[in-house]
Amino acid sequence: MTADSSHLRLKTCICTAIVVFSNAFGDFFMKRGLPDTTRLSTPLEYVTMLFQPWVTLGVVLLVVWQLSRMALLSWADLSYVLPVTSVGYVLVALIGWVFLHESISATRWAGIVLIMAGVALVSSGSAPSTVPRKEARP
Amino acid sequence: MKWLLVLLMVAATTVGEVLQAAGMRRHGEIHDFRPGAISRAIALLARNRFVIGSVIAMAVSFFAFMKLLSMTDLSFAVPVSAVTYVMETVLAKYVLKERVNALRWAGATLVVCGVTLVSL
């Protein structure tokens, strides 16, 4: 019993880390491949841009993100997943600051923290649980 | 221009998620996770109109995100995409007629305030 629950906790921790990091680094590699000078106007330019190595890497990580998130949601509640993964907003900002040398003002940091808190609160509302609980329904 | 892209991205994500939920509900719960059963489910879902619509909406949202990223900072594009939660809360209340409690409205309000600060 305790071995089972500690195994589940470990599985949840690892999967949550994969969800958060694949999302943040997926976004980072996308931005790395799409600098401010990128020309995107015709549909063809969008499609060819997908084959730019950084963008491809970003897309692969975003696919990993979606799959790992679906896997995590198959056993964990959305009201756990949403608040925990909202840390990703701060992580993405840190990545932008450190690796892309974006200048982030104090106001923007405050905004990012508010967004993280807001997303965490949204899930505490009527978000449905992925595991139906019979006793919770009158 | 960048706010138009944010609007397009958020609207497409929200529409995509609602269609996906509707499509999956029509399909019914997936119990069998063996490769054969999974591929049969995918073949069925590929003909489901809601699922097709959701894939198109998600693609629109992805390309809007690409365009937005190519124009703005990473630390702008990613936080503002959280407006999706506000749209979903409003939609849950007025379209899906779900009960939305005070905490969830507070969360949506915090997201709006946060996005405003990020864009200053």
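Mentor: Helices (H or I, at least four residues) and strands (E, at least two) are DSSP runs, numbered from the N terminus. The model is predicted, and in it local features need pLDDT of at least 70, side-chain atom pairs count only at pLDDT 80 or more, and totals for chains, interfaces and linings use all residues. Residues are numbered from 1 along each chain as its sequence is written, while chains are lettered from A and ligands numbered from 1 in the order in which they are written.

Trainee: How many helices and strands does chain A have?

Mentor: Reading along the sequence of chain A, one meets the pattern α-α-α-α-α-α. Each symbol in that pattern is a helix, and the count for chain A is six helices and zero strands.

Trainee: What percentage of the 138 residues of chain A count as buried?

Mentor: A residue is buried if 20 or more other C-beta atoms lie within 10 Å of its own, exposed if 12 or fewer, and partly exposed in between, with C-beta atoms placed from the backbone. By that rule, buried residues make up 39% of the 120 residues in chain B. For the 138 residues of chain A, the value is 33%.

Trainee: Is A:Arg32 buried or exposed?

Mentor: A:Arg32 is placed in helix α1 of chain A, and its C-alpha lies 14 Å from that of A:Leu62, which is 30 residues away in sequence. Because A:Arg32 has 20 C-beta neighbours inside 10 Å, it counts as buried.

Trainee: Does A:Leu8 count as buried or as exposed?

Mentor: A:Leu8 also belongs to helix α1 of chain A, and it stands 16 residues from A:Ala24 in sequence and 24 Å from it in space, C-alpha to C-alpha. Because A:Leu8 has 12 C-beta neighbours inside 10 Å, it counts as exposed.

Trainee: In which helix of chain A is confidence highest?

Mentor: Confidence is given by pLDDT, the predictor's confidence in each residue, from 0 to 100. Chain A averages 85, and 88% of its residues score at least 70. Within chain A, confidence is lowest in helix α4 (residues 78-85), at a mean of 84, and highest, at 93, in α5(A).

Trainee: How many contacts beyond four places in sequence does the model have for residues 126-138 of chain A?

Mentor: Two residues are in contact if their C-beta atoms, placed from the backbone, lie within 7 Å. Over residues 126-138 of chain A, pLDDT stays under 50, and the number of such contacts in the model is 18.

Trainee: What is the phi of A:His101?

Mentor: A:His101 lies in the loop between α5 (87-99) and α6 (106-122) of chain A, and it is exposed, with 7 other C-beta atoms within 10 Å. Most residues other than glycine have a negative phi. A:His101 is a residue other than glycine with a positive value, near 55°.

Trainee: Are α5(A) and α6(A) roughly parallel or roughly antiparallel to each other?

Mentor: Axes are lines fitted to C-alpha atoms, for helices over the stretch in contact, and angles run from 0 to 180 degrees between N-to-C directions. The two helices pack at an angle of about 155°, with their axes 8 Å apart. Angles under 35 degrees count as roughly parallel, over 145 as roughly antiparallel, 65 to 115 as roughly perpendicular and the rest as oblique. The helices α5(A) and α6(A) are therefore roughly antiparallel.

Trainee: Which element gives the most residues to the side of chain A that touches chain B?

Mentor: The contact between the chains takes 33 residues from chain A and 32 residues from chain B. On the side of chain A, the elements that give two or more residues are α1 (2-33), α2 (43-49), α5 and α6. The one that gives the most, with 12 residues, is α6(A).

Trainee: Which residues touch the most other members of the largest nonpolar core?

Mentor: A nonpolar core is a set of buried Ala, Val, Leu, Ile, Met, Phe, Trp, Tyr and Cys residues joined through C-beta atoms within 7 Å. Leaving aside neighbours within four places in sequence, B:Ala82 is in contact with A:Tyr89, A:Ile115, A:Val119, B:Val111 and B:Val115. Of the 55 residues in the largest core, those that touch the most other members are A:Ile115, B:Ala82 and B:Val111.

Trainee: What ipTM does the predictor give the complex?

Mentor: Chain B averages a pLDDT of 87, with 100% of its residues scoring at least 70. For the complex, the predictor gives a pTM of 0.82 and an ipTM of 0.80.
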